[in-house]
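Here's a quick briefing for anyone opening this one up fresh. Take a look at the sequence and the model, then read on.

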Amino acid sequence: MSVSPLTVAHQQLDAVLPALQPLFSASDQSRLTAAIELLKKPQRFHETTLEITGDDGSTKSFRAFRSQHNDARGPFKGGIRFHQQVSEDEVQALSTWMTWKTAVVDLPLGGGKGGIIVDPKTLSSNELQKLSRAYAEWLADKIGPQQDIPAPDVNTNGEIMSWMLDAYEKKVGLHAPGTYTGKPLELGGSVGRTEATGQGGAFILQHHAERLGWKPAETTVAVQGFGNVGMWFARLAHGFGFKIVAVSDSSGGIYNADGLDPQQLETWKQEMGSFQKIAAEKNITFVAADEFVGVQADVLAPAALENAITADNVSQIVAHTVLELANGPTTPEAEAILVKNNVIVIPDVLANAGGVTVSYYEWVQNLSGDQWNAERVENSLRDKMLTAYDSIADWQERLEVSYRQAAYILAVKRVIDAMFLRGWV
Ligand code: NAD
């Protein structure tokens, strides 16, 4: 039976409480418990039914949500998801995780998330624009550059952010590009945003290898999922000298112990469509999708969907490090087994935080009217990611906990410190 993501988010908070208690004074213990309870609910949760006129003249209705989880450290920040499985619980859980992600990388932002229950494939482009505008108009008095800053998430993109920004600006009568991030460059987007998540992951891999004394050329890496995140990660990690030995998509994967060239793979993927076809045409070893997590590699980087590593397949894993580029790729049960087997799991809240970090740089550029070049974005991203990794590695060593627990201790403590200072508890 699958567990609700909100239940998981609550369990994670309960699990971090005993580790936090020794970090607060005796007189603050009851405030700490109260803060943990407050953090189980979003500060504000908005929901509505949006109506648009379809191309055939009929009225179409959609449930829509925005969860504003916590803004103790700065404006709410988080994407908008268009998916048929969006639910109140899911949006609340995702907004909670955004609070931890922005805190882990120490951005002056909080956590939020939005969603519409819709299968966007069933809408025409005209209907999709109407729905995006209707959502942005409904949300206009609840968000803004100093309040809540949405961004793309599953099935939303720069084009949708452009429509939403336009609807917002028309409604408030101001130019305010810092209200939405993930915009095209022409409307105030940032260079480096497209590759940011994969790039952040590659910086973490490089730093992690250095810390463990691994030489890149001798470190083999398997990447599950070759979309935006997986493809950029593979390309940049290869550029840092790591040996990418396996990659996959939903059709399955390919494996070559001597290494693969990600840019060559991108060309083949465009020509042939799937890794299954590439394996057949180029005579490379094929790995079935459900066996991919077990490929022979030092590092396994899941960059596809949630629940890729479960209690059912965790015994196949031979990697020493799992680098969570996707959101929630490892179930709690599977992680417990990995940790017991001394496999390091670098958690999603750190490993894929490069995306929100460059979104933050986009917001900073919009607020200052400045434009950064690629070098500035890249150097700033590297600094942020490595500082966060070092802080987590410190807590991990000091408290002898997993990297995920260390990341949660760091993030939840930062948020609670801000709540205390504001006098919320
Ligand atoms: P995407 O849609 O561009 O790519 C996903 C890839 O996964 C596709 O290549 C797809 O074929 C593949 N895939 C699907 N099922 C698979 C399976 N069973 N085995 C192997 N591959 C499979 O999505 P993306 O933007 O690259 O996001 C990937 C993950 O990273 C998601 O979990 C997303 O939430 C997370 N993430 C993305 C960003 C970002 O900036 N794009 C930021 C943070 C987290």
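Let's start with the ligand: 18 residues surround it, and the closest are Thr-197, Asn-228, Val-229, Ala-304 and Asn-327. Keep in mind as you go that this is a predicted model. After the ligand, the notes turn to helix H14 and two helices that pack against it, H2 and H3.

**Around the ligand**

- Thr-197 reaches in with its side chain: one of its polar side-chain atoms sits 2.7 Å from an oxygen atom of the ligand.
- Val-229 uses its backbone instead, with an N or O atom there lying 2.9 Å from a ligand oxygen.
- Ala-304 also takes part through its backbone, where a polar atom is 3.2 Å from an oxygen atom of the ligand.
- How much of the ligand does the protein bury? On its own the ligand exposes 840 Å², and the protein buries 69% of that.
- Two elements each give two or more residues to the shell around the ligand: helix H7 (228-239) and strand E7 (243-249).
- Sorted by class, the shell has seven nonpolar, nine polar and two charged residues.

**Helix H2 against helix H14**

- H2 covers residues 29-38 and H14 covers residues 403-422; the two pack with their axes 11 Å apart, at an angle of about 110°.
- Because of that angle, H2 counts as roughly perpendicular to H14.
- On the H2 side you'll find Arg-31, Leu-32, Ala-35, Ile-36 and Leu-38, and they meet Val-412, Ile-416, Met-419 and Phe-420 of H14.
- What kinds of residues make up this contact of H2 with H14? There are eight nonpolar ones, no polar ones and one charged one.

**Helix H3 against helix H14**

- H3 (residues 88-104) also packs with H14: their axes come within 8 Å and cross at roughly 95°.
- That crossing angle is why H3 is described as roughly perpendicular to H14.
- H3 brings Trp-97, Thr-99, Trp-100, Ala-103 and Val-104 to the contact.
- From H14 come Ala-407, Tyr-408, Leu-410, Ala-411, Val-412, Arg-414 and Val-415.
- By class, the contact of H3 with H14 splits into 10 nonpolar, one polar and one charged residue.
- Val-412 of H14 is worth finding in the viewer, since it turns up in the contact with H2 and also in the contact with H3.

Notes. Residues are numbered from 1 along each chain as its sequence is written. This is a predicted model: local features need pLDDT of at least 70, side-chain atom pairs count only at pLDDT 80 or more; totals for chains, interfaces and linings use all residues. Side-chain values use heavy atoms; hydrogens and water are left out. A residue is near a molecule or strand if one of its heavy atoms lies within 4 Å of it. A polar contact is a pair of N or O atoms within 3.5 Å; within protein, one must be able to donate a hydrogen and the other to accept it, and residues adjacent in sequence count only if both atoms are side-chain atoms. Accessible areas come from the Shrake-Rupley method with a 1.4 Å probe; for residues, only the protein chains shown count as cover. Helices (H or I, at least four residues) and strands (E, at least two) are DSSP runs, numbered from the N terminus. Ala, Val, Leu, Ile, Met, Phe, Trp, Tyr, Cys and Pro count as nonpolar, Asp, Glu, Lys and Arg as charged, and the others, Gly among them, as polar. Axes are lines fitted to C-alpha atoms, for helices over the stretch in contact, and angles run from 0 to 180 degrees between N-to-C directions. Angles under 35 degrees count as roughly parallel, over 145 as roughly antiparallel, 65 to 115 as roughly perpendicular and the rest as oblique. Contact means heavy atoms within 4.5 Å.
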